[in-house]
Amino acid sequence: MQSKQLPGLHVGIIMDGNGRWASARGMPRALGHKAGIEAIRRVVEASPGAGIGTLTLYAFSCDNWSRPEPEVSALMGLMRLYLRNEIGRLAESGVRLSVIGRRDRLPDGLAAAIARAEAATAQGERLHLRIAVDYSAREAILQAARWAQGCEPLTREAFSMLISGGTPDVDLVIRTSGEQRLSDFLLWESAYAEFHFTDRLWPDFDSDALAEAMTVFRARHRRFGGLTGSAAVAA
Ligand code: IPE
Ligand code: IPE
Ligand code: MG
């Protein structure tokens, strides 16, 4: 489905380091995930003011099912809680929520809660918040390839539309916790994205950390394969 495009940048965040944050405090990993929810709240609030129109948060990958069952259950429970607690606030502050990824493997009730949250926030025009749950970029590309069969002419734009429903390409990918990899996040959409890696663990991420990432981003020279500055006009 094509979605309305909001002005502003598209930032994707790989929210990593919850487990290490908890371990460093002698706490169970689930409490790190709980603290991570607070960071989501802070970043969502700060995003429109930071020039972000679309924010995609990587919450749970298809490969995360391989974690121990109690941790997976804790994460799914937190997602339910997040939807229940935040939906009113999101709707009031003009945030449209979408969830990307598979829904058929989610625990009972979660897919329905997601659908309700999406419907309740559908009018939001300040920020498009996309949460990636049971998400794999390679699966998304594969799914688009299946849909594309018989789609003529299959252009780059048409294929993009199948993958992201009209959501603009990613401008900036942020990953916390010091890891420097994509872990199957928005592979197609990040073709010309800038990358910002920070050692800060996700539960410690806040509006200042976001502002710093945006400052670094704005100092970058994006060329999209072309040239900029005086080189662009030289013969
Ligand atoms: C990110 O934190 C949240 C998910 C991947 C679900 P982690 O749980 O990966 O935390 P670390 O990387 O083990 O510290
Ligand atoms: C990536 O983090 C997925 C999410 C943040 C949801 P992981 O912690 O699962 O990634 P790897 O295993 O370090 O690559
Ligand atoms: Mg991790």
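1. Helix H1 (18-23), helix H2 (29-46) and helix H3 (69-92) each contribute at least two residues to the shell around ligand 1. Of these elements, H1 provides the largest share of that shell, with 3 residues. The reader should bear in mind from the outset that this is a predicted model.

2. The confidence values bear on how the rest of this note is read. The mean pLDDT of the protein is 96, and 98% of its residues reach 70 or more. Among the elements, strand E5 (residues 172-175) has the highest mean pLDDT, 99, whereas helix H8 (residues 230-233) has the lowest, 79. As a general caution, predicted coordinates should not be read in detail where pLDDT is low.

3. The surroundings of ligand 1 comprise 13 residues, of which Met 15, Asp 16, Arg 20, Arg 29 and Arg 67 come nearest. By character, the shell divides into 5 charged, 5 polar and 3 nonpolar residues. The space that ligand 1 takes is the second largest pocket.

4. Polar contacts of ligand 1 involve both side chains and backbone. An oxygen atom of ligand 1 lies 2.7 Å from an N or O atom in the side chain of Arg 67, and an oxygen atom of the ligand is 2.8 Å from an N or O atom in the side chain of Asp 16. At Gly 19 the partner is a polar backbone atom, 2.9 Å from an oxygen atom of ligand 1. Taken alone, ligand 1 exposes 380 Å², and the protein buries 87% of that area.

5. Which residues surround ligand 2? They are Ile 14, Met 15, Asp 16, Tyr 58, Ala 59, Phe 60, Asn 64, Arg 67, Arg 175, Arg 181 and Ser 183. Strand E2 (residues 52-61) gives the most to this shell, namely 3 residues. The shell divides into 5 nonpolar, 4 charged and 2 polar residues. The space taken by ligand 2 is the second largest pocket, and the space taken by ligand 1 is likewise described as the second largest pocket.

6. Ligand 2 has polar contacts with side chains. An oxygen atom of ligand 2 is 2.7 Å from an N or O atom in the side chain of Ser 183. For Asn 64, the separation between a side-chain N or O atom and an oxygen atom of ligand 2 is 2.9 Å; for Arg 67, the corresponding value is 3.2 Å. Taken alone, ligand 2 exposes 390 Å², of which the protein buries 78%.

7. Arg 67 deserves a separate remark. This residue is among those that come nearest to ligand 1, and Arg 67 also belongs to the surroundings of ligand 2. Its side chain has an N or O atom 2.7 Å from an oxygen atom of ligand 1 and an N or O atom 3.2 Å from an oxygen atom of ligand 2.

8. Two points of backbone geometry merit inspection. Most residues other than glycine have a negative phi, and most peptide bonds are trans. Glu 152 and Pro 153, however, are joined by a cis peptide bond, with omega about -10°. Pro 153 is placed in the loop between helix H5 (137-148) and helix H6 (156-164). Ser 177, a residue other than glycine, has a positive phi near 80°. Ser 177 is found in the loop between E5 and strand E6 (194-197).

Key. Residues numbered from 1 in each chain as written. Chains lettered and ligands numbered in written order. Heavy atoms only, no water. Near = heavy atom within 4 Å. Polar contact = N/O pair within 3.5 Å; in protein donor to acceptor, adjacent residues only side chain to side chain. Areas by Shrake-Rupley, 256 points an atom, 1.4 Å probe, with all protein chains shown as cover. 1 Å grid on protein atoms, 1.4 Å probe; cavity = no way out; pocket = protein on both sides within 12 Å on 5 of 7 lines; lining within 4 Å. Sits in = over half its atoms within 2 Å of the grid points. Helix = DSSP H or I, 4+ residues; strand = E, 2+ residues; numbered from the N terminus. Nonpolar A, V, L, I, M, F, W, Y, C, P; charged D, E, K, R; others polar. pLDDT = per-residue confidence, 0-100.
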